[in-house]
There are 6 protein chains.
Amino acid sequence: MRPSGRAPDQMRAISIQPAFTKHAEGSVLIGFGDTKVLVTASVEERVPPFLRGKGQGWVTAEYGMLPRATNTRGSREAAKGKQSGRTQEIQRLIGRSLRSVVDMTLLGERQITLDCDVIQADGGTRTASISGAWVALRLAIDGLLAEGKLTADPIKAQVAAISCGIYEGTPVLDLDYIEDSNAHADANFVLLSDGNIAEAQATAEGATYDEEALLRLLRLARIGCNDIFAAQLQAVRK
Amino acid sequence: MRPSGRAPDQMRAISIQPAFTKHAEGSVLIGFGDTKVLVTASVEERVPPFLRGKGQGWVTAEYGMLPRATNTRGSREAAKGKQSGRTQEIQRLIGRSLRSVVDMTLLGERQITLDCDVIQADGGTRTASISGAWVALRLAIDGLLAEGKLTADPIKAQVAAISCGIYEGTPVLDLDYIEDSNAHADANFVLLSDGNIAEAQATAEGATYDEEALLRLLRLARIGCNDIFAAQLQAVRK
Amino acid sequence: MRPSGRAPDQMRAISIQPAFTKHAEGSVLIGFGDTKVLVTASVEERVPPFLRGKGQGWVTAEYGMLPRATNTRGSREAAKGKQSGRTQEIQRLIGRSLRSVVDMTLLGERQITLDCDVIQADGGTRTASISGAWVALRLAIDGLLAEGKLTADPIKAQVAAISCGIYEGTPVLDLDYIEDSNAHADANFVLLSDGNIAEAQATAEGATYDEEALLRLLRLARIGCNDIFAAQLQAVRK
Amino acid sequence: MRPSGRAPDQMRAISIQPAFTKHAEGSVLIGFGDTKVLVTASVEERVPPFLRGKGQGWVTAEYGMLPRATNTRGSREAAKGKQSGRTQEIQRLIGRSLRSVVDMTLLGERQITLDCDVIQADGGTRTASISGAWVALRLAIDGLLAEGKLTADPIKAQVAAISCGIYEGTPVLDLDYIEDSNAHADANFVLLSDGNIAEAQATAEGATYDEEALLRLLRLARIGCNDIFAAQLQAVRK
Amino acid sequence: MRPSGRAPDQMRAISIQPAFTKHAEGSVLIGFGDTKVLVTASVEERVPPFLRGKGQGWVTAEYGMLPRATNTRGSREAAKGKQSGRTQEIQRLIGRSLRSVVDMTLLGERQITLDCDVIQADGGTRTASISGAWVALRLAIDGLLAEGKLTADPIKAQVAAISCGIYEGTPVLDLDYIEDSNAHADANFVLLSDGNIAEAQATAEGATYDEEALLRLLRLARIGCNDIFAAQLQAVRK
Amino acid sequence: MRPSGRAPDQMRAISIQPAFTKHAEGSVLIGFGDTKVLVTASVEERVPPFLRGKGQGWVTAEYGMLPRATNTRGSREAAKGKQSGRTQEIQRLIGRSLRSVVDMTLLGERQITLDCDVIQADGGTRTASISGAWVALRLAIDGLLAEGKLTADPIKAQVAAISCGIYEGTPVLDLDYIEDSNAHADANFVLLSDGNIAEAQATAEGATYDEEALLRLLRLARIGCNDIFAAQLQAVRK
């Protein structure tokens, strides 16, 4: 039995509030159960130095967690003066995941930055960030299309992410914090709406796992991502 | 005429959502119009080194702004590796303001950290932070009293803060971003519910001001803080 | 009774040595009693990026304290690798204060940096810095006028600053270190020779204060600043 | 055709020089073709704060690349003042991988740090690091057993790692730099000699991939890791 | 001919003002011509971690230059967030030089920090720092002896330092800034009053030098240090 | 007797392996006994800002030590976030030493960076670095000459460095770690093949030294450097 009473292949409730803040070109408050992440998409009419003059755009991400998003207060990275290895690893993953569905030539010489800030954490903050970032990006791109700054849609597919893990011997979908802290293996999958995989990461924690377990985790992730794809579409149609 | 059409002594709508997040001992989302600040109060059963063994507590604050809280994206302080002078100045002011209403001996050897994170900015983020921090602190202390960890209430009064300024020659209350950017003088007052002053700061911007103007700004601040005191009480009674 | 035996409205001796160092365009060693600050004004024929091509100048300030300016040695900020919040707050205040008396268009596209380094501290280092910085700035501008680089004087008025506070229940002028450490309220006023106010900051320490006290502190500050204005004029006429 | 002329399932030559340096408790220079990594294992009779008094040990890793290990000189991280996100991600992976084969209770209250420094890079530096780190760790543990500091062997299995990818549409084993720069998908697998998986990471670069490709990459990795397991054994038997 | 008209073996005027500041246990303003350095000696009743419980003391130094000590303003190291390589090299030299004349066992478990801050620079700031530091140290130790905290004098000899160099083919003593910028070789000698050498550093700039030149520079340094030894003694006898 | 049994004027075995790595324009693994340093020379077709457009080149150096190059593991400077004062002092010395033998005008507007990374340390790492750097530089310049990018050789002479010291009262050549830790004086000489001196540094450690000792150390250094000059020539002729 899972602590939450969920079935092994059952996601937590997905909530998506688009246009949560007023300044960003795209913004969303996404929730996977008690995990809440605010994602904003900021459009800037410039690209990083390594892309200047190449006629293509860039999508990047930053990630942060409010100090008391977690059960015990963590120190503020701005006050410590550096981002942790975990933060950097997560923001690199988010950026890569979103870039996998964007045609950079169609985007043109502009950069979109996806800021993912965790307001409340209960497991799965990186996957909620990726899933929410697609919505914020979609809204920002819709704005550029509406203003005529873009004439063709650079977004090739939806992208979503979900965590899975082996909890007390059973592969389960969408780990909450209690499960995550006790899982023997912890995986994150970033999947596309066209069926392809953008990223698969499965890490042993305490016990290693075999190939069948890896495949089972991937199948659970497909179930979860399909739910997220539907929720994303509903949110952007509002 | 003010850009918002408000009367010179008219505050923006005050909104206070207590218990906005689930982990913190106290939390609140406070809004002064479009300015939205999430404040959490975290209780820790330890004090900073300079207070150890002295039988008294400590209240401190940290402040941050999400990169896209503002109209154009600002860089993330955690990524830059340091907090700006402005951030440090604000968090020092918040901490000082809250300490002015707490009896540290009654609080006992524990520290309460008030994290003020600006979700959306439209002027007055430091004053909203102080006003919200009092609510988060009140909720956290109420919890300690309810659990029996405290037997006497260490909070001596309410504290609230509001900005005022001289906009196009007229002293006005609760500047929004457009007014703030164009004001000739910009003041922040931190007032107590017992009528006293915890902090008065009035800065010339573009044009200096005279003693009468300073007094007029202070009177406006009293009007505003009285509204905030009422909203604070209503929020903590929920 | 004040520890120094001074009357409540009595300043410490003001000493101003202009041209204390040989390289800077303006320099001064200013003393308020045992507080000694070396201020240099450096003229550079360039402006910060945000002002380029706008036909106006900039005045900025930096502040530092020698490690053993104080009674017990403090750590060197260069060795710690960052400036404290207090340092940043002070240097922002100094810069703002001096900018309040300069016509930036008349200054032209050049920057003047006021470096305020505390040689010996006994309370009031920020107010001595501001008061001395005006002298250093005046000397530097006089040099530019003499060289013909400026044809009209960009300095609109004198600016001076002084601290006041409530010490053992009595409002007093120009706190020394012992008073400062024990004051119930601590204020800094930056006043102009035309009677206007550039900055008023009054902070409760231990006990909050009322409106009458704020006004009394301001009146004391006027007494003190008038003395400083006279000493500044005498120094620059040498 | 691969640029190197290798078959899709063909590793580069593996070279392992144990005891490459004299001070470390274990050391090795490992080569995967032209990729050369020096790994040292340092035993310290203390554990990090979070493990003190818990009767168990810790294994951690650090990773670095000499500035001219690569084709064009990269800047020195020590001179820049921080480790890149990539560096931190890699050293976290190495640490996690090695911990997956160590019984921390049998290790006792001591820490082993695996320093992986890339002398020359031609793709696959993180997988060579993991594979070499096992040898350095094995040598260090053998020393502790020989000295009688350990009575039971805390190493549960061998661990090795290899990269695979999809290069010009074909899944291939052990990417060199040219292949790595042009691969459509890039995977790293950390496998155990008991057949289990410690870590699987497969990232789309340019084109996403499907489930069959993921499985094919995993099968290639098993081929490669079996070769590495044999080379590791041979090296430690010397 | 030297730009200053001095003979090759002629020092600039040496000025030493002891007790320049009031808080430090020892302080001095030392001048070699227009080079002015404020040195304070701070006594602390603790030693660095590596010396705890060993019954001996420590002498260390820090060095800084005010931003406008030089002809053009340099950036403030505290603002840049790190000390330059030059600064660190100089403060290591000063500390080493002073330690060469102190018996650490007689000093007991206390640390003396010598802060050398350059008020005005015209060449030779490191040698003026060392020469002044001896005076500040002597004054601080005299205080400890007078208070009875020390019963035997830990200072074994005087130490002084001077720069020499080869300017337009001629070895000269005590380079000022113009000479220093154009010298073909630049040397600093730290000499003891007992005739021994604590440090010799001779660096080619533009042209290398031969053994005879090295010896000539050393002989010049002896001439200069003898003058400094006399000035030190006179200053501490006041 | 020296711990190693060497005669006072006897060097350790010098080993020089040119072309140790494949990417750098010049590279060498140099050994003085158990001290092993990898030096690479990287040619870049640009110069630092202060030299742009002046028609001359630049030679600079960086130095690092692998964490377990030493007997006990030192912390990684990249992880600590800054280079120590010792590291900076050494890399400044290496750069200066190599620049003393290069005609910057003949080098043209390009920069050569010499990265010296200590693989294993047993005393004398800075002198091995300088001596190896000359070989790496020679190889890189030979490449530029062979490619026709240079038509005249900018290298004016060989440069080598060696440490000497007074160990148990006797001046000895080429200190190993045990001697270095116990020497009463420690000197490093950087000598040119034309007989001149580029740098002489002699530091008292524990006991100061006299002029005769300085001369004896210099004579020992000449003996050692002559051996290194021969080994350098042999290495570059391969």
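## A buried arginine in chain A

A:Arg2 is buried, with a relative accessible area of 5% (buried means under 20%, exposed over 50% and partly exposed in between, using a 1.4 Å probe and protein chains only). This is a predicted model, where local features need pLDDT of at least 70, side-chain atom pairs count only at pLDDT 80 or more, and totals for chains, interfaces and linings use all residues. Residues are numbered from 1 along each chain as its sequence is written, chains are lettered from A and ligands numbered from 1 in the order in which they are written, and side-chain values use heavy atoms, leaving out hydrogens and water.

You'll find A:Arg2 in the segment before strand 1 (14–18) of chain A; strands are DSSP runs of E with at least two residues, helices are runs of H or I with at least four, and both are numbered from the N terminus. Its side chain reaches the backbone oxygen of A:Leu173 at 2.6 Å. Not counting residues up to four places away in sequence, A:Arg2 touches several others, including A:Tyr167, A:Asp174 and A:Glu179 (contact means heavy atoms within 4.5 Å).

## A buried serine in chain C

C:Ser27 sits in strand 2 (residues 26–32) of chain C and is buried too, with a relative accessible area of 2%. A polar atom of its side chain lies 2.9 Å from the backbone nitrogen of C:Phe20. Leaving aside neighbours within four places in sequence, the contacts of C:Ser27 include C:Phe20, C:Val39 and C:Leu139.

## How chains A and B match up

Chain B lands on chain A after a rotation of 180° with 0.0 Å of shift along its axis, at an RMSD of 0.0 Å (a least-squares fit on C-alpha atoms of residues with pLDDT of at least 70 in both copies). The two copies are thus related as by a two-fold rotation axis. Some pairs of chains stay apart: chain A and chain E have no contact, and their closest C-alpha atoms lie 12 Å apart.

## A sheet across chains E and F

Here eight strands form an open sheet with antiparallel pairing, in the order 7(E)-6(E)-8(E)-9(E)-9(F)-8(F)-6(F)-7(F) (strands pair if DSSP finds at least two bridges between them). At the edges are strand 7 (170–173) of chain E and strand 7 (170–173) of chain F, each pairing on one side only.

Five bridges join strand 9 (residues 197–204) of chain E to strand 9 (residues 197–204) of chain F, and these run antiparallel. E:Thr203 stands opposite F:Glu199 there.

Methods:
Polar contact = N/O pair within 3.5 Å; in protein donor to acceptor, adjacent residues only side chain to side chain.
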